[in-house]
Amino acid sequence: MAVFNLNVNGKTQQVDVDPSTPMLWVLRDNLNLVGTKYGCGIAQCGSCTIHLEGVAVRSCQLPVSAVGNQKVTTIEGLSEHADHPVQKAWLEHDVPQCGYCQAGQIMSAAALLKSNPSPTDSDIEGAMNGNICRCGTYTRIKAAIKSAANS
């Protein structure tokens, strides 16, 4: 076990965990931030996507010891009142069905728009590649991202 001081959603949080513990479990089990979901466990489905210094990363394969002083943002920290343009566009386009992948999808989309405010269809497809939706809402996801980009 080791003590880590983490900057999560703008707050310093202290956890005492094994250095190899994936950030997903630190967030869910130690910090009670359960919006980030466990999907495949091998960084292939995107359900566990968070931001590390604003960049979308898979938290299921990110050891807590690799985070250091970098800022971590989870779906809970994306906006104070769930009013991030991507979150608003998700509602506008009625994207969620089962909803399981949505936090990861939204985090990937928000990171895309932060780095590229006017993405092309190809940019969106590239950035969202690897975020799997078992309900197949990809058309609505793309429409929501375009809408958020234009807001």
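α2 passes α3 in a right-handed crossing, a term used when the near helix is turned clockwise from the far one by less than a right angle, whereas an anticlockwise turn counts as left-handed. The structure is a predicted model, in which local features need pLDDT of at least 70 and side-chain atom pairs count only at pLDDT 80 or more, while totals for chains, interfaces and linings use all residues. Residues are numbered from 1 along each chain as its sequence is written, and side-chain values use heavy atoms, with hydrogens and water left out. Helices (H or I, at least four residues) and strands (E, at least two) are DSSP runs, numbered from the N terminus.

**Helix packing**

The helices α2 and α3 (residues 102-115) pack at an angle of about 125 degrees, and their axes are 9 Å apart; an axis here is a line fitted to C-alpha atoms, for helices over the stretch in contact, and angles run from 0 to 180 degrees between N-to-C directions. That angle makes α2 oblique to α3, since angles under 35 degrees count as roughly parallel, over 145 as roughly antiparallel, 65 to 115 as roughly perpendicular, and the rest as oblique. On the α2 side the contact (heavy atoms within 4.5 Å) involves V86, Q87 and W90, which meet Q102, Q105, I106, A109, A110 and L113 in α3. The residues of this contact divide into six nonpolar, three polar and no charged, where Ala, Val, Leu, Ile, Met, Phe, Trp, Tyr, Cys and Pro count as nonpolar, Asp, Glu, Lys and Arg as charged, and the others, Gly among them, as polar.

The helix α3 also packs against α4 (residues 121-128), and here the axes come within 10 Å and cross at roughly 135 degrees, so that α3 and α4 are oblique to each other. The crossing of α3 with α4 is right-handed. Q105, S108, A109 and L112 of α3 make this contact together with D123, I124, A127 and M128 of α4, and the residues divide into five nonpolar, two polar and one charged.

**The sheet**

Strands of a sheet pair through backbone hydrogen bonds, either parallel or antiparallel. In this model, five strands form an open sheet with mixed pairing and the order β2-β1-β5-β3-β4, where two strands pair if DSSP finds at least two bridges between them. The edge strands are β2 and β4 (55-58), each of which pairs on one side only, and the twist from one strand to the next averages 40 degrees.

Two helices can be placed against this sheet. Helix α1 (residues 23-30) packs on the sheet and touches β1, β2, β3 (49-52) and β5, with a direction that makes about 100 degrees with that of β2. The helix α3 likewise packs on the sheet, where α3 touches β3, β4 and β5, and its direction makes about 35 degrees with that of β3.

Within the sheet, β1 (residues 2-8) and β2 (residues 11-17) pair in the antiparallel sense over seven bridges. These two strands form a hairpin with two residues between them, and V8 stands opposite K11 in β2. By contrast, β1 and β5 run parallel and are joined by two bridges, in which V8 has V72 of β5 as its partner and N7 has K71.

**Residues in the loops**

Most residues other than glycine have a negative phi. In the hairpin turn, N9 has a positive phi of about 55 degrees; A82, which is not a glycine, also has a positive phi of about 55 degrees, and phi of A43 is near 60 degrees. A43 lies in the loop between α1 and β3, while A82 is found in the loop between β5 (71-73) and α2 (85-92), and E80 too lies in the loop between β5 and α2. The table gives the exposure of these loop residues, where buried means under 20% relative accessible area, exposed over 50%, and partly exposed in between (1.4 Å probe, protein chains only).

| Residue | Relative accessible area | Class |
|---|---|---|
| A43 | 24% | partly exposed |
| A82 | 46% | partly exposed |
| E80 | 71% | exposed |

Two distances help to place these residues in space. The C-alpha atoms of E80 and N9 are separated by 10.0 Å, although the two residues are 71 residues apart along the chain. A82 and D94, twelve residues apart along the chain, have their C-alpha atoms separated by 15 Å.
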